[in-house]
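Visitor: I would like to go through this model by question and answer. Where should we begin?

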Amino acid sequence: MKIPFLGDRSKKPGFPDAEGIAELLSECELLRSQASEEGVQLDDSAASLEELDQLVPRWRDDEEILPWLGNDAGLYLGTVIVHTVPGAAWEIWPNGQPVIRLASGREFDVVASGQEWASSGVPELSQLYAEVAEA
């Protein structure tokens, strides 16, 4: 049934275009703020991941910040991968989890990796990046 004033309701609601998703996921405000306070400039490069790995993990003492920072670290890792690895793109799983899909079809749950990094420092973000970039 089509009702003219409602417009075309047959289209499924969804996410904005891929560029819009990438822009939204790259914000990582908490991580960027924490890094900036430590003098680290997050410029979406692989080198910035190495700099993040060198930060003193003061956030581990704050149970409220830890999960948010881990989420941001994963999203930032994904942002670097999308900007520097040919064919890499964001994919949103049906449960809403953002992941990185490589041109090969392989997917990486970068948010889970960011959570691990924030809580324990292992594996390092730069190491994860190197593994993904090789794949």
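Guide: We begin with a definition: axes are lines fitted to C-alpha atoms, for helices over the stretch in contact, and angles run from 0 to 180 degrees between N-to-C directions. The model is predicted.

Visitor: At what angle do the axes of α4 and α6 cross?
Guide: Two packed helices are described by the angle between their axes and the distance between the axes. For α4 and α6 the axes come within 11 Å. The crossing of α4 and α6 is right-handed, and its angle is roughly 35 degrees.

Visitor: How many charged residues are in the contact of α4 with α6?
Guide: From α4, the residues Ala73, Leu77, Val80, Ile81 and Thr84 take part, meeting Leu125, Leu128, Tyr129 and Val132 of α6. By class, this contact of α4 with α6 has 8 nonpolar residues and 1 polar residue. The number of charged residues is given as none: no charged residues.

Visitor: Why do the buried residues of α6 lie on the same side of the helix?
Guide: The residues in question are Leu125, Ser126, Leu128, Tyr129 and Val132, which are buried in α6 (residues 125-134). An α-helix has 3.6 residues a turn, so residues three or four places apart point the same way. The buried residues are on the same side of α6 because they cover an arc of only 155 degrees around the axis.

Visitor: What covers the buried residues of α6?
Guide: Buried here means under 20% relative accessible area. The cover of the buried residues of α6 includes both helices and a strand: α3 (46-53), α4, β3 (107-108) and α5 (110-120).

Visitor: What arc do the buried residues of α1 cover?
Guide: Helix α1 (residues 18-25) has Ile21, Ala22 and Leu25 buried. On the other side of α1, Glu19, Glu23 and Leu24 are exposed. The buried residues lie on the same side of α1, because their arc around the axis is only 100 degrees.

Visitor: Which elements are among those that cover the buried residues of α1?
Guide: The buried residues to be covered are Ile21, Ala22 and Leu25. Their cover includes a helix and strands, namely α4, β1 (89-92) and β2 (98-101).

Visitor: Is Ser48 buried or exposed?
Guide: Ser48 lies in helix α3. Not counting residues up to four places away in sequence, Ser48 touches Gln41, Leu42, Asp43 and Tyr76. Because the relative accessible area of Ser48 is 1% and the limit is under 20%, Ser48 counts as buried.

Visitor: What is the C-alpha separation of Pro67 and Gln115?
Guide: Pro67 is in helix α4 (residues 65-84). With a relative accessible area of 39%, Pro67 is partly exposed. Pro67 and Gln115 are 48 residues apart along the chain, and their C-alpha atoms are separated by 6.5 Å.

Visitor: How far apart in space are Arg106 and Ala135, C-alpha to C-alpha?
Guide: Arg106 sits in the loop between β2 and β3, and counts as partly exposed at 46% relative accessibility. Leaving aside neighbours within four places in sequence, Arg106 is in contact with Ile100, Arg101 and Ala135. Arg106 and Ala135 are 29 residues apart in sequence, and the C-alpha to C-alpha distance is 8.4 Å.

Visitor: What is the phi of Cys28?
Guide: Cys28 is placed in the loop between α1 and α2 (29-37). Cys28 counts as buried, at 3% relative accessibility. Cys28 is not a glycine, yet its phi is positive, at about 45 degrees.

Visitor: Near what value is phi of Asp44?
Guide: Asp44 is found in the loop between α2 and α3. Asp44 is a residue other than glycine with a positive phi, near 65 degrees.

Visitor: What is omega of the peptide bond that joins Val122 and Pro123?
Guide: Pro123 lies in the loop between α5 and α6. The bond joining Val122 and Pro123 is cis, with omega about -5 degrees.

Visitor: What pattern does the protein chain follow along the sequence?
Guide: The protein chain has 6 helices and 3 strands. Read along the sequence, the pattern is α-α-α-α-β-β-β-α-α.

Visitor: Over which residues is the pLDDT below 50?
Guide: The mean pLDDT of the protein chain is 87, and 88% of its residues reach 70 or more. The stretch with pLDDT below 50 has 2 contacts in the model beyond near neighbours in sequence, and it covers residues 1-15.

Key:
Residues are numbered from 1 along each chain as its sequence is written. This is a predicted model: local features need pLDDT of at least 70, side-chain atom pairs count only at pLDDT 80 or more; totals for chains, interfaces and linings use all residues. Side-chain values use heavy atoms; hydrogens and water are left out. pLDDT is the predictor's confidence in each residue, from 0 to 100. Contact means heavy atoms within 4.5 Å. Helices (H or I, at least four residues) and strands (E, at least two) are DSSP runs, numbered from the N terminus. Buried means under 20% relative accessible area, exposed over 50%, partly exposed in between (1.4 Å probe, protein chains only). The arc is that of the directions from the helix axis to the C-beta atoms. A crossing is left-handed if the near helix is turned anticlockwise from the far one by less than a right angle, and right-handed if clockwise. Ala, Val, Leu, Ile, Met, Phe, Trp, Tyr, Cys and Pro count as nonpolar, Asp, Glu, Lys and Arg as charged, and the others, Gly among them, as polar.
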